[in-house]
Every structure is written in structure tokens, then in C-alpha cells.
Amino acid sequence: MLLVTRIRSMTPADWPEVEEIYRHGIEDGEATFETQTPTWEGFDSGRLSDPRLVALGERGEVLGWAAASPVSSRAAYRGVVEHSVYVHRDARGRGLGRLLLDAFVTASDDAGFWTIQSSIFPENTVSLRVHQSAGFRVIGIRERIARSALGEHAGLWRDTVLIERRSSVNGAD
């Protein structure tokens, strides 16, 4: 798993590999409060169909994914999404997260979204740096927002860093 050959829309057939990458993020303890991966149906119903991307390696294997959920069902927030970017643990440190994030930002702009946000654990310094280099800014710290259930942080309250990117294309910058 070395070379990203293309980034395309995620399909249901990608789910086994997407789920494995998601599971890695859960196991590693610095990506999510989740304790187990959802079913495909749960993942699909909780996320927007577009943009939903996968990065493919030279053998067609999924090396990473990006997807978003609406932040609210209220019409005023129709252009605001919360996103996730996950990279296969064997493909980390090679710039794939930034490639996926850039493709996701472009697809979000094309879809008409004006704000992309996320919450990142402060210990996940790589993700914070990648997002800031892609034009995201820190909005604030959500202190003791929830307790971790897994790994070295099990039972501990965790902070998250709230970040956002405002679209210059869709008039929100």
C-alpha cells in the first residue's frame, strides 16, 4: 500500500475496507469516541451521500476515506457539515490525509457547503496540523466533552479541538 492512484466516490462495495480503516481509528484511540464500527446501513444513513470519498492504491485497495454528516436538520444549517478523514494505519505519514482532505474540501465546495467542521482530540497533532495547513482554523476547545471508553484514555474525560473551514466559493469566508 504505497501509491494513491485516484480518489473517487465511495460505494457500498468499499464498505469492508472502509470499515477496517474505521476500526483502526477506533483501536488507536485518537480519532473518535466510538467504540465499534457501525453497520453499512448505519454508516450510510448517518452520512451524506456526497461528498463521500475513498482513496485507492495501485492495486485498487482502499487506503483512506472521507465523509460528512449534517450538523443539523434545520434549514439554516443546510450548508454546514461535520467531516471525518481516516487513513489506513499502514498508509499514514505519506500525505494521504492531506490529499483526501483537499479532495473533500473541493467536493464540499462543489456541493454548496459553506462550512466544514470537525472535532479533533488535542493529542492528534498530525490531524490538527494537516487541517490547519488546508485552511481550517481552531474555533475553540470543548473541555471534558465526553469520556473515552477504550484504550489508554478509558474512563477519562477528553477534550476536543473544534475546527472549521469557511468556503470562499460559497460566500462564507
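# Exercises on a predicted chain

R144 is exposed, with a relative accessible area of 52%; exposed means over 50%, buried under 20%, and partly exposed in between (1.4 Å probe, protein chains only). The model is predicted: local features need pLDDT of at least 70, side-chain atom pairs count only at pLDDT 80 or more, and totals for chains, interfaces and linings use all residues. Residues are numbered from 1 along each chain as its sequence is written, and side-chain values use heavy atoms, with hydrogens and water left out.

**Exercise 1. Find the element that holds R144, then check its phi.**

Step 1. R144 sits in strand β6, residues 137–147. Strands (E, at least two residues) and helices (H or I, at least four) are DSSP runs, numbered from the N terminus.

Step 2. Phi of R144 is positive, about 45°. R144 is not a glycine.

**Exercise 2. Lay out the fold and test its radius of gyration.**

Step 1. Count the elements: four helices and seven strands.

Step 2. Read along the sequence: β-α-α-β-β-β-α-β-α-β-β.

Step 3. Apply the globule rule, 2.2 Å times the number of residues to the power 0.38, with the radius taken over C-alpha atoms. For 173 residues, a compact globule would have a radius near 16 Å; the chain has 15 Å, which agrees.

Step 4. Add the burial: 40% of the 173 residues count as buried.

**Exercise 3. Place D44 and find its side-chain partner.**

Step 1. D44 belongs to helix α2, residues 40–46.

Step 2. D44 has 33% relative accessibility, so it counts as partly exposed.

Step 3. The side chains of D44 and R52 make a polar contact of 2.8 Å. Such a contact is a pair of N or O atoms within 3.5 Å; within protein, one must be able to donate a hydrogen and the other to accept it, and residues adjacent in sequence count only if both atoms are side-chain atoms.

Step 4. Compare with G57: 13 residues from D44 in sequence, 23 Å away in space, C-alpha to C-alpha.

**Exercise 4. Where is P51, and what kind of peptide bond joins it to D50?**

Step 1. P51 lies in the loop between α2 and β2 (52–57).

Step 2. The bond between D50 and P51 is cis, with omega about 5°.

**Exercise 5. List what S69 touches.**

Step 1. S69 is in strand β3, residues 62–70.

Step 2. Leave aside neighbours within four places in sequence: S69 contacts G46, R47, L48, V81 and E82. Contact means heavy atoms within 4.5 Å.

Step 3. Look at G46: its backbone oxygen is reached by the S69 side chain at 2.8 Å.
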